[in-house]
Amino acid sequence: ERKPVLLEDIPSTAAFIDGAEVAVVGFFEDSEKSEALEFLTTVKNIPDIPFGICTSSQVLSHYNITQNTISLFRMVDNKRQDLEIQDGNKVDVAKLSRFIRINELRWVTEYNPMTAVGLFDSAVQTHLLLFSDKTSSLHTERINKYREAAVAFQGKALFILVDLSIKDNDRVLSYFHLKKSQLPALAAYYTADEEQDVLLLDEVSVERITDFCNAFMERKEEKKTSKPEDNLFREEL
């Protein structure tokens, strides 16, 4: 039976959190409470994420925990998301699972209705999307290169996979005015103003992904820095 890792001190907790792209820790003052039991059930239901549980007052205070809290730690934007369990605020398995599935952003996050919420919730505003068909024989090689490129953009861009073997994802493709015959392709998207750019790829390479993402981010940066002068110029006119 799958159980969470018992975290008893600060070094083991920090090592546990740093050891995975996404890690979830249940911080409980009392592990016998009903929410702790709901947490244990959730652990069994989500086998693809490492879970820890901690009741040490020293660790709780180190992570500024003042009440029973489920915390999700992720590397991609170095973020911690907390689900605080207030007295009388019932947390069930469904609510816990939803919290985790929405916030489990990775080096490469697969796009679906749940992760879409978390992606737009992130403070990182540059999103890079790879359109690829998971059933393609070239998919594994593509995704490995995409993931390799993603690590260099920690905290600067979120890398997203849009799997086009899933029918519902066709609308994401059409949003970027792309057709299946043009794939694989990359799209860059800036959440604040919805600016976008597209790059059609004959092959997916770390260099091309990196260059495309950097060029898009540099353009956004130039626009930001040139704004005040533009406004002055307009005022003078």
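Here is a walk through this predicted model, from its two domains down to single residues. Residues count from 1 along each chain as its sequence is written, and side-chain values rest on heavy atoms, with hydrogens and water left out. Local features need pLDDT of at least 70 and side-chain atom pairs count only at pLDDT 80 or more, while totals for chains, interfaces and linings use all residues.

Let's start with the overall layout. The domain assignment splits the protein into domain 1 (5-103) and domain 2 (109-229); such bounds come from an automatic or database domain assignment. The C-alpha centres of domain 1 and domain 2 sit 30 Å apart. Where they touch, eight residues from domain 1 and nine residues from domain 2 take part, with contact meaning heavy atoms within 4.5 Å. About 800 Å² is buried between domain 1 and domain 2, and carbon and sulfur atoms give 57% of that. (Buried area is the accessible area, with a 1.4 Å probe, that two parts lose on being put together, summed over both.) On the domain 1 side, Val76, Asp77 and Ile102 lose the most area to domain 2, together 52% of what that side buries. As for salt bridges between domain 1 and domain 2, the count is zero; one would need a side-chain nitrogen of Lys or Arg within 4 Å of a carboxyl oxygen of Asp or Glu.

Now for helix H4 (residues 93-103). Helices (H or I, at least four residues) and strands (E, at least two) are DSSP runs, numbered from the N terminus. The buried residues of H4 are Val93, Leu96, Ser97, Phe99, Ile100, Ile102 and Asn103. Buried means under 20% relative accessible area, exposed means over 50%, and partly exposed is in between (1.4 Å probe, protein chains only). Those H4 residues pack against strands S2 (22-27), S3 (51-54), S4 (69-74) and S5 (79-84), plus helices H2 (34-45) and H5 (113-121).

Helix H2 has two residues to stop at. Glu35 is in H2, and counts as buried because its relative accessibility is 12%. Setting aside residues up to four places away in sequence, Glu35 touches Phe28, Asn68 and Ile85. Ala36 is in H2 too, and it is buried at a relative accessible area of 1%. Beyond its neighbours within four places, Ala36 is in contact with Phe28, Asp30 and Ser31.

What about the nonpolar cores? Each is a set of buried Ala, Val, Leu, Ile, Met, Phe, Trp, Tyr and Cys residues joined through side-chain atoms within 4.5 Å. The largest has 42 residues, and Leu128, Leu129, Phe131, Tyr146, Phe159 and Leu186 have the most contacts inside it. H5, S7 (126-132), H6 (139-151), S8 (157-163), H7, S9 and H8 (206-236) each supply at least two of its residues. A second, separate core of 18 residues includes Phe28, Phe39, Ile53 and Phe99.

Last come the rings. Rings of Phe, Tyr and Trp (its six-membered ring) pair if their centres lie within 6.5 Å; planes under 30 degrees apart are stacked, over 60 edge-to-face, and the rest tilted. That gives 11 aromatic pairs. Tyr175 and Tyr189 are edge-to-face, because their ring centres are 6.0 Å apart and their planes at 70°. Tyr175 lies in H7 (residues 170-175) and Tyr189 in S9 (residues 185-190), so the pair ties together parts 14 residues apart in sequence. Tyr175 is partly exposed at 37%, while Tyr189 is buried at 8%. Ring pairs also link Phe120, Phe131, Tyr175, Phe176 and Tyr189 into a cluster.
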